[in-house]
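Here is a short report on one protein model. It covers a sheet, a helix contact and the spaces inside the fold.

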Amino acid sequence: MYNIQEQGNIKRPGTVVIVHFFSERTDGVSLQIHENERILSQLGWNIIVCSADAKREHGFVLPELDYSTPQVQIFKRSETSGLQNETTLEIAFENQVQIIKNKLGELIRRYNPQVINVRNILSLPIHPVATVAMAECIAEHPGIGFLALHHDFLFEDDFLPGDRKKAYEIPFPRIQKRVEEALLYSAPNVHHAVINSLMQQRLLKEYGIHAALIHDSFDFETRPTEIANLREKLGIRANDFVIGTMARIIPRKAIEVAVQFIATLQMRKNEFLGEGRGVYGRTITEDSRFLLLLSQSAGLDEPENAIYFTKLRRYAESLGVKVCYIGNRVVADSMYRGEPDHIPFYSLYHTVDLLMFPSYQEGFGNQFLEAVALGKGVVGCHAYPVMEADILPRISPEGVILLGSNSDYMLDANGLVHLREDVLQAAIEREIYFLLHPDEERRVAARTYQRLKEAFDATVVGTQLAALLQQSFQESFPNED
């Protein structure tokens, strides 16, 4: 395994290019890029971000990395909209590979990086063209160190065995083979890293890959922009109780479990009517609404996710839960310029009375860290496998309102998840207790905050990443000073 050096041993930071599909959105990888970029810059690294939407001063825009375009989607489904011949598709595929490779070559010539940090492109073929292009780029540039930091994998199961692999299967065998050969591409100048210990173990056992471990992180000292009367601007009344799931609207986030939670909680409203409820001191009345706040649009350009969103809304309506969707107004904090029709993502956390994280599969769980750091209360959280392995052991059991583990989730005929009833009721009881005892909730939340900060603060993880970037270059080219 790699020996992550201490900050004091890092020598001569150079130029690193971070490459991902997008960098200015509110999805987890985009937010992690911002966290890492800030710390690496402080440590002396020159950071260039390459993505389809790179807009910063030191950014390289590569529009072809956008995986939602028809040109990319055509390789991911059998109905090819007129291009039925696989040979024709192969020609189109190769043309797109060459375009991306040429632009990566331009990027390399312009900035002469010591290391290129590739995010997810070599582990999840959401953009099969980019996966092949990146592998070929590595092969053609043996003089550059590459750190492939994998957030998600094709072989991970979302809920049912093999469901993710099936979702990304390409219906054209020869193109499929090229993509498979490019995934987890290895060469002397490539180092691999993962964001959780489970995948670190699996890569070693099944692929013989010694991957470093770089967890997701968050700046626990973040102070979001204060937007005056934000709840009012969102149509939220003073006495409304808001439950937020701040993740993307995709099936594995299991947002329907939050719907079940809200539906059950509002049926027991009479048990906590009154003033000073929860850490924000709400007044709960008979007229108080319980709202589900959905804050992200990221991912809805994928057809399967859009279908899930439709099902989710219908399900919420059937249970009498009001959904407040504002994803079309929310922007990454780095992109916010005070526009009245935009809302910086992190500012939303202070409008939410209860933050929930019901995902059944995550590469890590950076938005759980955000919820702990930016919220004031205890987070409702599901113990998905990585949460059980890497996060929950660092906090006391009382540090979350537990929504069970994956064995407590059941999938219905519509593809929606249901939390086991006794587990749901236990979580409701704990939330009601905290609503009635806000000082106790604050104490518990503060302890959880401190423990997670010690392990996953952006400075801690960013320093580890800086050491690994240096190591990636030095081990690939040991004669370089």
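Two strands count as paired if DSSP finds at least two bridges between them. With that in hand, start at one end of the sheet. The model is a predicted one. In it, strand 6 (residues 190-194) and strand 7 run parallel and are joined by two bridges. Val194 has Leu213 of strand 7 as its bridge partner.

**The sheet**

This pair belongs to an open sheet of seven strands, ordered 3-2-1-4-5-6-7, with parallel pairing. Strand 3 (59-61) and strand 7 (212-213) are the edge strands, and each pairs on one side only. Helix 4 (residues 128-140) packs on the sheet. Helix 4 touches strand 1 (15-19), strand 4 (115-119), strand 5 (145-150) and strand 6. The direction of helix 4 makes about 155 degrees with that of strand 5.

**Helices 13 and 14**

How do the axes of helix 13 and helix 14 cross? They come within 5 Å and cross at roughly 110 degrees. Angles of 65 to 115 degrees count as roughly perpendicular, and helix 13 and helix 14 are therefore roughly perpendicular to each other. Helix 13 spans residues 421-436, and helix 14 spans residues 438-456. From helix 13, the contact takes in Tyr433, Phe434, Leu435 and Leu436. From helix 14 come Pro438, Glu440, Glu441 and Val444. By class, the residues of this contact are six nonpolar, no polar and two charged.

**Cavities and a pocket**

How many cavities of 30 Å³ or more does a search of the whole structure find? The count is five. The largest cavity has a volume of about 60 Å³. Its lining includes Val279 and Tyr280, Val352, Asp353, Leu354 and Leu355, and the run Gly375, Lys376, Gly377, Val378 and Val379. Glu441 also lines the largest cavity, and Glu441 is one of the helix 14 residues that meet helix 13.

The second largest pocket has a volume of about 330 Å³. Sixteen residues line this pocket. Closest to its centre are His34, Glu35, Glu37, Asp333 and Ser334.

The table sets out the two linings by residue class.

| Lining | Nonpolar | Polar | Charged |
|---|---|---|---|
| Largest cavity | seven residues | two residues | three residues |
| Second largest pocket | four residues | three residues | nine residues |

Charged residues thus number nine in the lining of the second largest pocket. In the lining of the largest cavity, seven residues are nonpolar.

Note on methods
Residues are numbered from 1 along each chain as its sequence is written. This is a predicted model: local features need pLDDT of at least 70, side-chain atom pairs count only at pLDDT 80 or more; totals for chains, interfaces and linings use all residues. Side-chain values use heavy atoms; hydrogens and water are left out. Axes are lines fitted to C-alpha atoms, for helices over the stretch in contact, and angles run from 0 to 180 degrees between N-to-C directions. Helices (H or I, at least four residues) and strands (E, at least two) are DSSP runs, numbered from the N terminus. Angles under 35 degrees count as roughly parallel, over 145 as roughly antiparallel, 65 to 115 as roughly perpendicular and the rest as oblique. Contact means heavy atoms within 4.5 Å. Ala, Val, Leu, Ile, Met, Phe, Trp, Tyr, Cys and Pro count as nonpolar, Asp, Glu, Lys and Arg as charged, and the others, Gly among them, as polar. On a 1 Å grid over the protein atoms alone, a cavity is a set of points where a 1.4 Å probe fits but cannot get out, and a pocket is an open set with protein on both sides within 12 Å along at least five of seven lines; lining residues have an atom within 4 Å of a point. Grid points are joined across faces, edges and corners, and a volume is the space filled by probe spheres set on the points.
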